[in-house]
Amino acid sequence: AAETNGELEPVLGQLGFNILSTLKLNGFENNAVITDAWLAAYGAPFARPADCLGAIGWAKGFATGAHQFEAPTPAADRAIRSRPAL
């Protein structure tokens with residue numbers, strides 16, 4: 001909906017300010033790690049709208065159906081699951 005009504009680029013162009021909201025929209029759930037330093041670290045790479053072009057392109061790809069997640073093959077699934085993760 002944000003892509004259709006023109007809100008996607010203006011919102012994602014401000015990732016330095018709304019990085020937590022954006023992460024939460026993508027499934028982030030570990031609120032225990034959030035500190036001012038954590039927010040600054042995640043938001044720093046997105047200080048200006050021009051710094052957000054990659055994130056905008058990624059989101060637009062999913063919003064328009066140009067990108068999609070693919071299910072891994074059984075061998076890839078086993079390889080992924082054998083790796084340690086937080």
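## Contacts along the chain

In this predicted model, contacts of the protein chain can be sorted by how far apart the partners sit in the sequence, and among those between residues at least 6 apart, 52% join residues at least 24 apart.

## Helices and overall dimensions

The protein chain has five helices and zero strands, so that a reader who follows the sequence from start to end meets the pattern α-α-α-α-α.

The C-alpha trace spans about 40 × 35 × 20 Å along the principal axes of the protein chain. Its radius of gyration is 16 Å, whereas a compact globule of 86 residues would have a value near 12 Å.

## Surface and charges

Of the 86 residues in the protein chain, 15% count as buried. The accessible surface amounts to about 6,500 Å², and 60% of that surface belongs to carbon and sulfur atoms.

The protein chain carries 6 positive and 8 negative charges, and when the mean position is taken for each of the two groups, these two positions are 10 Å apart.

## A look at Leu12

Leu12 lies in helix α1, which covers residues 8-12. Because its relative accessible area is 8%, and buried means under 20%, Leu12 counts as buried.

Leaving aside residues up to four places away in sequence, Leu12 touches Thr22, Cys52, Ala55, Ile56 and Ala59. For another view of its surroundings, one may consider Ala44, which is 32 residues from Leu12 in sequence and, from C-alpha to C-alpha, 14 Å from Leu12 in space.

Note on methods:
Residues numbered from 1 in each chain as written. Predicted model: local features only at pLDDT ≥ 70, side-chain atom pairs only at ≥ 80, totals over all residues. Heavy atoms only, no water. Helix = DSSP H or I, 4+ residues; strand = E, 2+ residues; numbered from the N terminus. Rg over C-alpha atoms; globule rule 2.2 N^0.38 Å. Buried < 20%, exposed > 50% of the residue type's maximum accessible area, 1.4 Å probe, protein only. Contact = heavy atoms within 4.5 Å. Areas by Shrake-Rupley, 256 points an atom, 1.4 Å probe, with all protein chains shown as cover. Lys, Arg positive; Asp, Glu negative; His and termini not counted. Charge placed at Lys NZ, Arg CZ, Asp CG, Glu CD.
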